[in-house]
Every structure is written in C-alpha cells, then in structure tokens.
Amino acid sequence: MSLSSGVDGCGMSKQEECIKCKTAGFPNQLIGFKKSTRINPINGKPFWDLINPDNSEHEHKQNGTYLKHLKMVN
Ligand SMILES: [Zn+2]
C-alpha cells in the first residue's frame, strides 16, 4: 500500500497521473518517480524525484498565471 521495500534495484518506474497538476486543472500529466540520492532525515528514506516521461524533471503546472510575491508595501 505504500512505497516500502518493494521498489528497489530495477530502474523501472511506473508512471501515473500527477495529482497536483490534475488538481490545478491539468489532467493526464504523466509522471514517474526516480529515487533520489538524498535521504530524508525525518524518516531515513530516500526522496523521490518526479520526472516527466522524457526523463526531465517534472514541474507542477499551475493555473495560468503564477502568483508573484508582492513587494512589501507600507
Ligand atoms: Zn505535477
């Protein structure tokens, strides 16, 4: 049910629809998972990087415009 011990070794990564993108209005964004070399100090498990089908790094799509940080206005 979780990413526990079943996923190691063979570099096959299954792809699934990115929920975050889907939530933002961009369904059918397939992503794969690549085990990172970085370890999460909180649980001691490797981070998982999100990758696109072409192996590039996945960036979540957002609704149209990006929210820009407003400059501090008094
Ligand atoms: Zn995404």
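**Entry 1: overview**

How many helices and strands does the protein chain have? I looked this up first and found 1 helix and 3 strands. For the record, helices (H or I, at least four residues) and strands (E, at least two) are DSSP runs, numbered from the N terminus. I note that this is a predicted model, where local features need pLDDT of at least 70, side-chain atom pairs count only at pLDDT 80 or more, and totals for chains, interfaces and linings use all residues. Residues are numbered from 1 along each chain as its sequence is written.

Reading along the sequence, I get the pattern β-α-β-β. Next I checked burial, where a residue is buried if 20 or more other C-beta atoms lie within 10 Å of its own, exposed if 12 or fewer, and partly exposed in between, with C-beta atoms placed from the backbone. By that count, 7% of the 74 residues of the protein chain are buried. I then turned to contacts, which need the C-beta atoms of two residues, placed from the backbone, to lie within 7 Å. Among the contacts in the protein chain with a separation of 6 or more, 25% come from residues 24 or more positions apart.

**Entry 2: the sheet**

In what order do the 3 strands stand in the sheet? I read the order as 1-2-3, in an open sheet with antiparallel pairing. Strand 1 (15-17) and strand 3 (46-51) are at the edges with a single partner strand each, so one side of each has no neighbour in the sheet. I also looked up the turn between neighbouring strands of this sheet, which is 50° on average, direction ignored. The axes behind such angles are lines fitted to C-alpha atoms, for helices over the stretch in contact, and angles run from 0 to 180 degrees between N-to-C directions. A friendly reminder to myself: strands of a sheet pair through backbone hydrogen bonds, either parallel or antiparallel.

**Entry 3: strand 1 with strand 2**

I count two strands as paired if DSSP finds at least two bridges between them. Strand 1 and strand 2 (residues 30-39) are joined in the antiparallel sense over 3 bridges. I picked E16, which belongs to strand 1, and found that its bridge partner in strand 2 is I31. The C-alpha atoms of E16 and G32 are 6.5 Å apart, although 16 residues separate the two along the chain. Is E16 buried or exposed? E16 has 11 other C-beta atoms within 10 Å, so I list it as exposed.

**Entry 4: helix 1 and the loop after it**

I went on to I19, which sits in helix 1 (residues 19-23). I19 is exposed because it has 12 C-beta neighbours inside 10 Å. From I19 to I31 I find 9.6 Å between C-alpha atoms, with the two 12 residues apart along the chain. In the loop between helix 1 and strand 2 I stopped at N28. Phi of N28 is positive, near 65°, in a residue other than glycine. N28 has 8 other C-beta atoms within 10 Å, so it too goes down as exposed.

**Entry 5: strand 2 with strand 3**

Over how many bridges do strand 2 and strand 3 pair? I found 5 bridges, in the antiparallel sense. F33 is opposite L50 in strand 3, and I39 has P46 of strand 3 as its bridge partner. The hairpin of these two strands has 6 residues between the strands, and there G44 takes a positive phi near 75°.

I then spent a little time on P46, which lies in strand 3. Its 15 other C-beta atoms within 10 Å are why I class P46 as partly exposed. Which residues touch P46, leaving aside its neighbours within four places in sequence? I noted K35, S36, R38 and I39 as being in contact with P46. For P46 and K35, the C-alpha to C-alpha distance is 6.4 Å, at 11 residues apart in sequence.

**Entry 6: after strand 3**

My last stop was N55, in the segment after strand 3. N55 is not a glycine, yet it has a positive phi of about 75°. With 10 C-beta neighbours inside 10 Å, N55 counts as exposed.
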